[in-house]
Amino acid sequence: MTSGGPDLVPMIAIHHVNKYFGGLHVLKDVNLEVARGEVVAILGPSGSGKSTLCRTINRLEVIDSGAIAVDGQPLPAEGAALARLRAQVGMVFQSFNLFPHKTILDNVTLAPMKVHKMPRAQAQRQAMALLERVGVADQAHKHPAQLSGGQQQRVAIARSLAMNPKVMLFDEPTSALDPEMISEVLDVMTTLADDGMTMVVVTHEMGFARRAADRVVFMADGAIVEESAPAEFFGAPKSARAQDFLAKVLDH
């Protein structure tokens, strides 16, 4: 063990990251570190670069300059090393991305069997435990189309957890859901946070950010404008951009 111990190495380290889409500068010299077990909520108006930043962490978006490391390891460019990294970094999207022709159980067992070569019986035991954890074990033998959106998103979370990831990324995980389904997904995410999972959550659910996040990162125009503890951010935002944003979202 190195002096200072591994806990001092941030789980995610983003240094001077820039990203362009053509002539559009979507991430502008972004610096962010996320500690082990920390829950960071990324907030900001549409088009501020939140989702792009989230997607760079497992290289779904390739950066133009700067550096990103996960658990002390620089992001691999491609190939087997990138596949290994993606297995360690779970990702939950707006759309559930479940395989429609497979049962819920098969959706959750597929990756551990293929990637980790886990025996089917063990993968199924793990899957049932995870489906129990997210509250949909009774749906295991149904197909995704037979479940509500909230149930499908909880299955998507279970599927990510089946890979035993070091980090979970959530990109607007509730934005495609009806209001009554949002809380059931946020409840599962809050439990994960309480259990010590390192999480980066792009969200417009202010209640979740206030309740479950350790830190709020506010982005606008491709840059991090401010970051602070939730109580401080919601109670006394420092920047005019954040004040304006909160005035709009908290009025509705």
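**A short tour: sheet, helix pair, loop**

Start with the open sheet of four strands, which runs in the order β2-β1-β4-β5 with antiparallel pairing. Color its two edges, β2 (24-34) and β5 (73-74), each of which pairs on one side only. Keep in mind as you go that this is a predicted model.

Stay at the β5 edge and select residues 65-70, which is strand β4. β4 and β5 run antiparallel, and two bridges join them. Want a pair to click on? Pick A69, and you'll find that its bridge partner in β5 is P74.

Next, hide the sheet and bring up two helices: α4, residues 120-133, and α5, residues 149-161. They pack at an angle of about 135 degrees, and their axes are 9 Å apart. That angle makes α4 and α5 oblique to each other. Turn the view until one helix sits in front of the other: α4 passes α5 in a right-handed crossing. To see what touches, show the side chains of L130, L131 and R133 on α4, along with V155, A158 and L161 on α5, since these residues make the contact.

Last stop: T203. Look for it in the loop between β8 (198-202) and α7 (206-212). Is T203 buried or exposed? With a relative accessible area of 2%, T203 counts as buried, because the cut-off for that is under 20%. Now zoom in on its side chain: one of its polar atoms lies 2.9 Å from the backbone nitrogen of E205. Then select I42, L43, E172 and F208, which T203 contacts once you set aside its neighbours within four places in sequence.

Conventions: Residues are numbered from 1 along each chain as its sequence is written. This is a predicted model: local features need pLDDT of at least 70, side-chain atom pairs count only at pLDDT 80 or more; totals for chains, interfaces and linings use all residues. Side-chain values use heavy atoms; hydrogens and water are left out. Buried means under 20% relative accessible area, exposed over 50%, partly exposed in between (1.4 Å probe, protein chains only). A polar contact is a pair of N or O atoms within 3.5 Å; within protein, one must be able to donate a hydrogen and the other to accept it, and residues adjacent in sequence count only if both atoms are side-chain atoms. Contact means heavy atoms within 4.5 Å. Two strands pair if DSSP finds at least two bridges between them. Axes are lines fitted to C-alpha atoms, for helices over the stretch in contact, and angles run from 0 to 180 degrees between N-to-C directions. Angles under 35 degrees count as roughly parallel, over 145 as roughly antiparallel, 65 to 115 as roughly perpendicular and the rest as oblique. A crossing is left-handed if the near helix is turned anticlockwise from the far one by less than a right angle, and right-handed if clockwise.
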